There are 2 protein chains.
Amino acid sequence: MNIKNKKLLNLVKSIFVKHKLNSYHADISAKALINAELVGAYGHGISRLKMYCDRIKKNLINPKPRIKIKKISRSISHIDADNSIGFVAADIAIKTAIEHAKKSGLGFVAVKNSSHYGLSGYYAEQAIKKNLITMIYTNAPPAVAPHGALKSLFGTNPICFGTPTGNKVPFILDTSISKINRGKLRFAERNFLKIPKDVALDKFGKPTNDPKRALQGVQLPIAGFRGSGLAWMVDILSGVLTGGNHSGRVKDPFEDFTGPQNIGHLFITFKTNLFVKDYNKRIKDNIKRVKQLPKVKGMKEIMYPGQNKYKRYKMNLKKEIKISKIIKKELEILNN
Amino acid sequence: MNIKNKKLLNLVKSIFVKHKLNSYHADISAKALINAELVGAYGHGISRLKMYCDRIKKNLINPKPRIKIKKISRSISHIDADNSIGFVAADIAIKTAIEHAKKSGLGFVAVKNSSHYGLSGYYAEQAIKKNLITMIYTNAPPAVAPHGALKSLFGTNPICFGTPTGNKVPFILDTSISKINRGKLRFAERNFLKIPKDVALDKFGKPTNDPKRALQGVQLPIAGFRGSGLAWMVDILSGVLTGGNHSGRVKDPFEDFTGPQNIGHLFITFKTNLFVKDYNKRIKDNIKRVKQLPKVKGMKEIMYPGQNKYKRYKMNLKKEIKISKIIKKELEILNN
């Protein structure tokens, strides 16, 4: 079934309000979910709505959080999100980091007691719109085995970096440290799709192309020891540093209802013109020079991170959003 | 031939002094080179000494730089290294970043007009000794092809992250974004060794295990589009942002004597206890939990980044440093 994105937005918002979020928080959360659909990150979209509502019902996400912002310096703040839905925590955090950077040149904002916030790139966009560069880290439930280990412990722990480009399409690298992101596994599982064979192992340590078995098993990090090290770095920056859960203690939001997630995030923002006056000219030149390189056969254009997502977003904005029968039914039940 | 590391240190120092570095700068530079030998990063060690001296002789590295430190805020400084040898620029930069972090919680120091500084991890160590967390970025001459391109443009652009661990062995991730680092290629070339076949292409775009051909060709990024994106991020953070060269303009120090390198670096440092009181306890717990995981067959211990390097360092400290005949001859000539 197809549905207009504005209609879906309103429906999701009303579902969040029915689950006790205030209208402002429901709006923030619904917009983040619809954005994930529009950029084609379906694993972070509407398919997660039921999970959020389930966790609210079980008091694992606090629909009426008393979020505390502790200002440490002109650049640094620490946010205790009081187990809010992650979207709201991240929204406050990036806004605080933007404010800090606008005033002092630099923002450094840590969040604890949060939950899954969707796509890091979505928050990066906000900073870029204010002409700031941003680096964002979050941890996530165990999915990736540390190099040498037979068991998952790190999350897919994305590394996100965003910068203005001097044109309307931002540079946003938002890459998980696993060969495939967990949202994509869930999407494949829900839609009975196969996954590539070299991205995950089943619970016995054997390669599998079955997303269900991969979800029970272990996702592989990119680049072996190096990717494992990057995932570890993200766990330290977003978990150990912030006061959030870490080292495998972040609960799987779909499967573990024994407590809140207490995910941690770290948002770093800074002005583009701290050290050079002509940043926009420089970044434009940088991108142009990369794009001018000779290309491998069949490659039309060398793309920078975020460009494809932006194209998908613009295209999808004109279209209706496709939802499966399962999701349609979920939405009906949740809206009752 | 074998030589005691202290003797080699003094020899290298005297060579630098003969090449017009002042005694303090020669000491900094010699220590960085010997450290690379001791941690087993031979591609960044003594084999580079002749290159540095050649560049000094050709006025491409300034042996008497007038380094300017522009303080922008309590946390932020911009350093113009005046084409100094990279070791000296990086040494001043990390010390400035440490000072900022000690005073304001956070240090953010950019460097322009620098040159190759060796191992990022060496500077990370300094910050960790002062109980700070650090993130360090530098760009480098073209070595890695952007995803989809047939020509090198990004450097091997390391991502470096370091943190105290609550024990004497620091956590230092210092990973280049190429499948193999350029120093290792050079080391293999000098010593007539082969390289793995999936890490580089020759200049015609074909896989090669010949380091010489790989050096003329293209190194491959880790993880395809993702690794390429990470390399791009590092080029922006260390080059576009800082006022350094970027997008392939950093000259190869061994081959291109048409001008100084103007490499850029970015040093970020911050206190471990910004957001939690018990960081040391938390990071100890984090590492312990990872180490306790069941291991893949044949794996004795799950290591964290930096652990192996530390072991090698401690071991090598007791031994003499092995130098090849070629290097021995170079040292003799340079010391004349």
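Two strands are taken as paired if DSSP finds at least two bridges between them. With that criterion in hand, the tour of this predicted model can begin at a central pair of strands.

Select strand 3 (residues 76-80) of chain A together with strand 4 of chain A: the two run parallel and are joined by five bridges. Within this pairing, A:Ile76 lies opposite A:Phe108 of strand 4.

Add helix 4 (residues 86-104) of chain A to the selection. With strand 3 and strand 4 of chain A, helix 4 completes a right-handed β-α-β unit.

Next, keep strand 4 and select strand 10 (residues 263-271) of chain A. Here the pairing is antiparallel and extends over seven bridges; A:Ala110 has A:Leu266 in strand 10 as its bridge partner. Now display the surroundings of strand 4 (residues 106-114) of chain A: nine of its nine residues are buried, so the strand is largely enclosed by the rest of the structure.

Turn then to the largest nonpolar core, which holds 208 residues; A:Ala89, A:Ala93, B:Ala89 and B:Ala93 touch the most other members. Centre the view on B:Ala89. Leaving aside residues up to four places away in sequence, B:Ala89 touches B:Ile67, B:Ile79, B:Ala81, B:Ser84, B:Val111, B:Ser114 and B:Tyr117.

Finally, show both chains. Chain A superposes on chain B by a rotation of 180° with 0.0 Å of shift along the axis, at an RMSD of 0.0 Å. The two copies are therefore related as by a two-fold rotation axis. To locate that axis, select A:Ala223, whose C-alpha, at 3.1 Å, comes closest to it among the residues of chain A. Of the interface residues of chain A, 100% are also interface residues in chain B, so the copies meet through the same surface.

Terms used: Residues numbered from 1 in each chain as written. Chains lettered and ligands numbered in written order. Predicted model: local features only at pLDDT ≥ 70, side-chain atom pairs only at ≥ 80, totals over all residues. Buried ≥ 20, exposed ≤ 12 C-beta atoms within 10 Å, placed from the backbone. Helix = DSSP H or I, 4+ residues; strand = E, 2+ residues; numbered from the N terminus. Right-handed = clockwise from strand over helix to strand, strands pointing away. Core = buried A, V, L, I, M, F, W, Y, C linked by C-beta atoms within 7 Å. Contact = placed C-beta atoms within 7 Å. Least-squares fit on C-alpha atoms with pLDDT ≥ 70 in both.
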